[in-house]
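Work through these exercises with the sequence and the model open side by side. Try each task before reading its solution.

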Amino acid sequence: MNQITVTLPDGSTRSFESGITPYDVALDIGERLAQDVVCAKIDGVISDLSISLRKDVSLALFDGRSPEGHDVLLHSTAHLMAQAVMSLYPDVQITIGPTIENGFFYDFDFPQEFSEEDLEKIEAKMKELAKSAYNVSRKELSAKEASDYFNKMGQKYKVEIVDSIDPKETISLYSQGDFTDLCRGPHVPNTSKIKYFKLLSTSGAYWRGDEKNKMLQRIYGTVFAKKKDLKKHLHLLEEAKKRDHRKLGKELELFTFDEEVGPGLPLWLPNGTVLVDALEDLAKEVERKAGYERVRTPHLSKGLLYEKSGHLAHYRDSMYPAMDVDGNEYFVKPMNCPHHHKIYDAVPKSYRDLPVRYAEYGTCYRYEKSGQLFGLMRVRSMQMNDAHIYCTSEQFKREFLAVCKMYLDYFEIFGIEKYQMRLSLHDPKALGEKYVDDAKLWLETEQAVREALDEGGLNYVEIPGEAAFYGPKIDVQVWSAIGKEFTLATNQVDFAIPERFGLTYTDEEGNEQTPLCIHRAPLSTHERFIGFLIEHYGGNFPLWLAPVQLMIIPISDKYLEYAEEVCLALKSEGFRAKTNKRSDKVGAKIRQAELSKINVMLIVGEKELQDRTVSVRRRFEGDKGMQTLETVISELTEEVKDRRPSHSQES
């Protein structure tokens, strides 16, 4: 037999007979590795362990704890779940089962909702199937052969998927025991590799995400290579449930939704409005120092404006329908940028005026599908921390980096320790359709952004095919205190729309030039950012952000008048303070304040009344002793002014 050379990641090489599999290579390296490995990377392509190697290759082997191996483990467990469901409910129709972050789901056409008891039965069946150690095999068919196969099985959704694929394309199927599914792969070589999994929840889901299609039953699950990793993940999921912004939003009386108002249209209650105002005050302060000017724009506009900007062509499906006003189409605005372009154009500019930085807290409206609405994270009415910077190409890097630095400053204030910037690039094949048709400008602008990020030493990855239609963009991913990932801010470069709007400035030679435009929203929308902060802090907001900063607690009604006097003094100094006027015992009042996540409690009784003092108690710190009100006001004023993190964040 011919010999082939396998090059491993450390640069070492090994010789084998042609036809050897990656699993055989793993066995040659060590039995322990072979026991743990779930997939391979062959010449840069993630592959099954059973593939035959018939030429010299570079080979990497991955266990289930690696990102590559974990994804394969997740996908394979989705198949295992579908096999278990079909075994228990033979009449079920199977559809698709993709992976998601740290999990997977599979959608089924089933006449009733899966219950908790059903999940327990399915999970038990999965364990049985995994222990049966079925070999997982791959076979390739033509599109017609695959369609005939699933027709024979009576699986109409699989037939629909196959029939939507190019007939010239080869179709791959994976089988384990009596179960076969349509899939690109790769998969684990044997079901015994799947050990530590958990089915988590169920929900409804429309076929292909279209509300016009049939509602399916979706089952979510997760899997890990090690038992301790599964246990840790399940603990984090429980913590995430406690921190769910929808749950805490109701408990802390922050926001509400009402069907008579409309889905996706949040109503901010007084406590939530405090958060909105505090964030707006912060942003205005930061932007004022950074040289931004504030502007205001209307909530609706003629359709001609959005036709010129390109939004009607690219985003009409996400805009509310037009309304007829005096024979003209008007739309509620989906974004602020076209209005800011008009403000820029209202007054002639020279190079001496640039950069121009316009900021606005404009409310925008987008028609999100009802199935995609999710608390504050996906809404139809949103207040945007929006700004647009108009600058020369020479000023671009400095301005772009200044925006990125603003992100980092905000992260420090809010205790966000992990972040990643995603540089979204264009797809050359989609020029003129999805993207502005100017290949040269795309490449130049993307390189300028790349250089700016490198010079700033910023943590980023490049993502092809996700740019805005008018230029590359930065999407900022952040992780909350418990490791949950969120997409928050955006920073977009626009080289096309200023020219479309005829925006100009006069250069040093008196010639007209077109400025670049940077779109940025470092605090995202108030809705999404507050949703993130609720979960990040678990509702334990730092003092400067807390809806109610102090609760004054009289130990009996006898001291209610003094408590109100203290409360009034605090309010006059700008604090958000309340008095507990209930007739409950003092212990119950303290407990209630802690459940309401009040940062500071001031307890007053006979001694405090006589000495004109208060007894201070802080969440996470306990009793701080008796202090004069002047001392309390002085210390807390500095804490609020500096926007210090809460004790729970520091510890």
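**Exercise 1.** Which residue in β19 is the bridge partner of Lys302?

Solution. First, the ground rules. This is a predicted model, in which local features need pLDDT of at least 70, side-chain atom pairs count only at pLDDT 80 or more, and totals for chains, interfaces and linings use all residues. Residues are numbered from 1 along each chain as its sequence is written, and side-chain values use heavy atoms, with hydrogens and water left out.

Step 1: find the strands. Helices (H or I, at least four residues) and strands (E, at least two) are DSSP runs, numbered from the N terminus. β19 covers residues 328–332.
Step 2: check the pairing. Two strands pair if DSSP finds at least two bridges between them. β17 and β19 pair in the antiparallel sense over 3 bridges.
Step 3: read off the partner. Lys302 is bridged to Tyr330 in β19.
Step 4: place the pair in its sheet. The open sheet has 3 strands in the order β17-β19-β18, paired antiparallel. Its edge strands, β17 (300–302) and β18 (323–325), each pair on one side only.

**Exercise 2.** Determine how α9 and α16 cross, and list the residues in contact.

Solution. Step 1: compare the axes, which are lines fitted to C-alpha atoms, for helices over the stretch in contact; angles run from 0 to 180 degrees between N-to-C directions. The axes of α9 (residues 270–289) and α16 come within 11 Å and cross at roughly 105°.
Step 2: classify the angle. α9 is therefore roughly perpendicular to α16 (65 to 115 degrees).
Step 3: list the contact (heavy atoms within 4.5 Å). α9 supplies Leu275, Val276, Leu279 and Glu280, while α16 supplies His526, Phe529, Ile530 and Leu533.

**Exercise 3.** Describe the surroundings of Gln549: is the residue buried or exposed?

Solution. Step 1: locate the residue. Gln549 sits in the loop between α16 (526–537) and β29 (550–554).
Step 2: apply the cut-offs. Buried means under 20% relative accessible area, exposed over 50%, partly exposed in between (1.4 Å probe, protein chains only). Gln549 has 2% relative accessibility, so the residue counts as buried.
Step 3: look at the side chain. One of its polar atoms lies 2.9 Å from the backbone oxygen of Leu543.
Step 4: list contacts beyond four places in sequence. Among them are Trp544, Phe575, Arg576 and Val640.

**Exercise 4.** Work out which strands edge the sheet that contains β10, and what packs on that sheet.

Solution. Step 1: set the order. 3 strands form an open antiparallel sheet, β9-β10-β11.
Step 2: find the edges. β9 (136–141) and β11 (179–182) each have a single partner strand, so one side of each lacks a neighbour in the sheet.
Step 3: add the helix. α5 (residues 143–153) packs on this sheet and touches β9, β10 and β11. The direction of α5 makes about 135° with that of β11.
Step 4: check a bridge. 4 bridges join β10 (residues 171–176) to β11, and Leu173 has Leu182 as its partner there.

**Exercise 5.** Pick out the unusual backbone geometry.

Solution. Step 1: recall the background. Most residues other than glycine have a negative phi, and most peptide bonds are trans.
Step 2: find cis bonds. Gly185 to Pro186 is cis, with omega near 0°. Leu354 to Pro355 is also cis, with omega near 0°.
Step 3: find positive phi. Phe620 has phi near 70°. Phe620 is partly exposed, at 44% relative accessible area. Arg643 has phi near 50°. Arg643 is buried, at 16%.

Notes:
Polar contact = N/O pair within 3.5 Å; in protein donor to acceptor, adjacent residues only side chain to side chain. Parallel < 35°, antiparallel > 145°, perpendicular 65-115°, else oblique.
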